[in-house]
Amino acid sequence: MSLVEQFKKKTVFSLEVFPPKSNSGSKKIISTLEALNGVSPDFISVTLGAGGSAQSQETVEVAKLIQNELHVPAVAHIPGLYRGTEDVDRLIEELLDNQINHVLALRGDPVAGLAPNGTFDHAVDLIAYIQDKYPQVEIASACYPEVHSESKSVVEDINALRAKVAAGSQHLISQLFFDNQHFYDFQERLALADIQVPVEAGIMPCTSKKQIERITAISGVPVPTKYRKMLDRYANNPAALKDAGIAYAIDQIIDLVAQGVDGIHLYTMNQPDVAERIWQATKSSFAANQKENLMVY
């Protein structure tokens, strides 16, 4: 099944999960995935850290469960910075053996004290390698509405993205953002650069102030005043912060869907109850954007 074809039919809704970090987490991820399946996602992506074969296997196992037991298309993350061609081949061939032919090709975040492999220093190198050797694999890649933190300019950032698409990336998933206007400005830059692949907006609901502050520090994503005030107001009231964070994410999603976004990629942080609340509040908006439901004048 081609995920790209889904974008031609409707506004896509997808989820991201991460594999368990311990044996005790294995049972939890099964219940998490079963709960997330009730959200009716168009696909679920599975993260993969910078580590070695053990982490790769965890990602494969979760992707297998999603694809072959829950019958939802799985997308496996492949960060290339610390992997060579043998590692990538081994991972992709195991995915293909399990009928998984969708990957999210990334450079991956640098890790202090760990030397890069040197084979895939940039995402475009990994994309080109996969496209050349495994043309049956559908490749997605990351994009950054507020410009990648390491880019020297907007022009450099767009050129890098254009190179990813030219190398074989067939759809894009954005970094999280908290101000939709940044995404709309980004869409204009894509149009000017003639980058014509589907772009999903990455949305992360706030359920923990520490979590959001850690992620924004790593990613360099700015926190708007409105969002910062919400974090500060409810910092000592977890239930209120969770409710406010979910409401903020719902507001973002409804606005994006109404403006014709190609899709929404929800960073679930393995919290199915949060994903369920967001889906229940927004699913009618997605249903209204089924292509056959849209009137043409």
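This section describes the strand barrel, one helix and three salt bridges of a predicted model.

The strands are taken up before the side-chain contacts. Eight strands close into a barrel, with parallel pairing, in the order β1-β2-β3-β4-β5-β6-β7-β8. From one strand to the next, the twist averages 30 degrees. Strands of a sheet pair through backbone hydrogen bonds, and the pairing can be parallel or antiparallel.

Strand β6, residues 171-176, is mostly covered, since six of its six residues are buried. On one side, β6 pairs with strand β5 (residues 138-143) in the parallel sense over four bridges. In this pairing, C143 stands opposite S174 of β6. The connection runs through helix α6 (residues 154-167), and β5, α6 and β6 make a right-handed β-α-β unit. Strand β6 is also joined to strand β7 (residues 199-203) by three bridges, and these two strands run parallel. Here I173 stands opposite E200 in β7. A right-handed β-α-β unit is again made, by β6, helix α7 (residues 180-192) and β7.

Strand β7 is in turn joined to strand β8 (residues 263-267) by four bridges, again with the strands running parallel. Residue E200 has G263 as its bridge partner in β8. E200 of β7 thus stands opposite I173 and is also partnered by G263 of β8.

Salt bridges were counted next. The count comes to 10 under a limit of 4 Å between side-chain nitrogen and carboxyl oxygen. Side chains of opposite charge can pair when their charged atoms come close. Three of the pairs are described here.

In the pair formed by D42 and K10, the closest N and O atoms are 2.4 Å apart. This pair links distant parts of the chain: D42 lies in the loop between α2 (25-37) and β2 (43-46), while K10 lies in the loop between α1 (3-9) and β1 (12-17), 32 residues apart. Both D42 and K10 are buried.

The salt bridge between the side chains of K64 and E61 has an N to O distance of 3.2 Å. Both residues belong to helix α3 (residues 53-69) and are three residues apart, about one turn of the helix. An α-helix has 3.6 residues a turn, so residues three or four places apart point the same way. K64 counts as partly exposed because its relative accessibility is 22%, between the limits of 20% and 50%. E61, at 38% relative accessibility, also counts as partly exposed.

A further salt bridge joins the side chains of D243 and R277, at 2.9 Å from N to O. D243 lies in helix α10 (residues 238-258) and R277 in helix α11 (residues 272-288), so the pair ties together parts that are 34 residues apart in sequence. D243 is partly exposed at 40% relative accessibility, and R277 is partly exposed with a relative accessible area of 37%.

Helix α11, which holds R277, was examined further. At 1.5 Å a residue, its 17 residues should span 24 Å, and the end C-alpha atoms are 24 Å apart, so the two values agree. A kink of about 50 degrees is nevertheless present in α11, centred on T282. T282 is also among the buried residues of the helix, together with P272, V274, A275, I278, W279 and F286. In contrast to these buried positions, R277 is partly exposed.

How values were computed: Residues are numbered from 1 along each chain as its sequence is written. This is a predicted model: local features need pLDDT of at least 70, side-chain atom pairs count only at pLDDT 80 or more; totals for chains, interfaces and linings use all residues. Side-chain values use heavy atoms; hydrogens and water are left out. Buried means under 20% relative accessible area, exposed over 50%, partly exposed in between (1.4 Å probe, protein chains only). The expected span of a helix is 1.5 Å times one less than its number of residues. The bend at a residue is the angle between axes fitted to the seven residues ending there and the seven starting there. Two strands pair if DSSP finds at least two bridges between them. A crossover is right-handed if, with the strands pointing away from the viewer, the path from the first strand over the helix to the second runs clockwise. Axes are lines fitted to C-alpha atoms, for helices over the stretch in contact, and angles run from 0 to 180 degrees between N-to-C directions.
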